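Thank you all for coming, and please have the sequence and the model open while I speak. I will go slowly and explain the terms as we meet them.

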Amino acid sequence: MIENLLNKSRTSLSFEVSPPKTEEEFQAVFEKLNAFAALNPDFISCTYGAGGSRAGKTAEIVSYIQNRLHIDAIAHMTCVGFRQADLKENCELLQKEGIRYVMALRGDRPRTMTDEQYDNREFYYAADMIRYLKANTSLKIAGACYPEKHYEAESFDSDLAHLKEKTDAGAEFLITQLFFSNDLFYRFRERAAAAGITVPICAGIMPVTNARQIGTTVTLSGSSVPKELSDIIAAYGDNKEDMRKAGIDYAVRQIRDLKEHGVDGIHLYTMNGPKTTAKIVSQI
């Protein structure tokens with residue numbers, strides 16, 4: 001339960017899943033969700049879909065997680081995906097389905113969105129959406145944060161100021177962008193606390209199980225790759241199974257160290273892969 005995170009009673013474990021891109025894949029996603037549920041996470045979040053794609057499936061997935069699997073579900077909401085009227089309607093639908101949590105994000109610009117639409121969106125930043133949600137719904141809200149700062153931020157300090165704005169607006173807990181260096185996370189956590197950010201912070205971890213994955217990941221997230229991980233990719237990248245094992249081992253070591261340093265929660269970016277997720281969970 002998310003209350004375990006909010007009360008900081010122990011290190012929480014949670015997963016992120018995404019709406020599949022095709023109808024065929026969507027029909028198979030519920031089997032994967034059943035496999036994730038068997039690992040006993042405290043909650044499962046579902047993205048809004050890359051670039052807004054498959055966005056309509058998020059509500060269906062979180063309803064299944066909440067009502068069939070009886071696990072707390074978080075629906076992602078993006079500033080680029082909603083106008084106020086649409087957001088209000090969608091939130092009413094979620095609340096009827098028993099969903100209590102959403103994650104407010106600026107989101108990636110959909111490929112079909114024109115410059116005019118993007119520049120005139122009703123929610124410009126996540127903090128704007130959080131204020132609206134707090135004023136117009138009873139939903140509890142999560143926010144995103146960036147251990148290495150958001151790639152568009154002018155500075156680390158300015159990024160922390162924006163993050164403080166989110167928590168002041170009503171974000172009750174935070175989930176980080178994925179990162180591969182725990183030292184960077186510890187630096188971020190210390191500076192966030194100094195800035196007055198006191199809500200729980202879940203550490204976002206994604207296992208790198210193939211060499212091609214890392215290029216896409218760095219491009220989309222802005223996360224840096226430490227030498228140890230680069231060496232692993234150089235040594236095992238050409239061997240699919242060895243790379244998978246090495247990537248899982250790296251993620252497990254990251255998580256064990258985070259737990260030893262009292263992290264509030266571990267949030268696994270699963271890439272909709274229950275087998276890899278199960279392997280990691282069995283070792284942590």
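Let me begin at one small spot, histidine 70, which lies just after α3 and takes a positive phi of about 60 degrees. What you see is a predicted model, in which local features need pLDDT of at least 70 and side-chain atom pairs count only at pLDDT 80 or more, while totals for chains, interfaces and linings use all residues. Residues are numbered from 1 along each chain as its sequence is written, and side-chain values use heavy atoms, with hydrogens and water left out.

Now to the helix itself. Helix α3, residues 58-68, is mostly covered, since eight of its eleven residues are buried, where buried means under 20% relative accessible area with a 1.4 Å probe and protein chains only. Among the buried residues of α3 are Ile61, Val62, Tyr64 and Ile65. The buried residues of α3 pack against two helices and three strands, namely α2 (23-37) and α4 (84-96), with β1 (12-17), β2 (43-46) and β3 (72-78). Helices here are DSSP runs of H or I with at least four residues, strands are runs of E with at least two, and both are numbered from the N terminus.

Stepping back to the chain, we find twelve helices and eight strands. Its radius of gyration is 18 Å, close to the 19 Å that the globule rule gives for 284 residues, so the chain is as compact as a globular protein of that length; the radius is taken over C-alpha atoms, and the rule is 2.2 Å times the number of residues to the power 0.38. Of the 284 residues, 52% are buried. Among contacts between residues at least 6 apart in sequence, 82% join residues at least 24 apart, a contact being heavy atoms within 4.5 Å.

How many disulfides are there? If we ask for a pair of cysteine sulfur atoms within 2.5 Å, the count is zero. Cysteine 79 is in no disulfide, and the nearest cysteine sulfur, in cysteine 91, is 12 Å away. Why does cysteine 145 have no bond? Its closest cysteine sulfur, in cysteine 202, is 8.9 Å from the sulfur of cysteine 145, which is too far for a bond. Cysteine 79 is buried, with a relative accessible area of 1%, and cysteine 145 also counts as buried, at 1%.

Finally, the empty spaces. On a 1 Å grid over the protein atoms alone, a cavity is a set of points where a 1.4 Å probe fits but cannot get out, whereas a pocket is an open set with protein on both sides within 12 Å along at least five of seven lines, and lining residues have an atom within 4 Å of a point. There are two cavities of 30 Å³ or more. The largest cavity holds about 60 Å³, and its lining includes Tyr146, Glu148, Phe179 and Ser223. The second largest cavity holds about 30 Å³, and helix α11 (residues 240-260) gives the largest share of its lining, four residues.

The second largest pocket holds about 230 Å³. The elements that give two or more residues to its lining are α9 (211-221) and α11, and α11 gives the most, with four residues. Among the residues lining this pocket are Arg212, Lys240, Glu241 and Arg244.

Notes: Buried < 20%, exposed > 50% of the residue type's maximum accessible area, 1.4 Å probe, protein only. Points joined across faces, edges and corners; volume = space filled by probe spheres on them.
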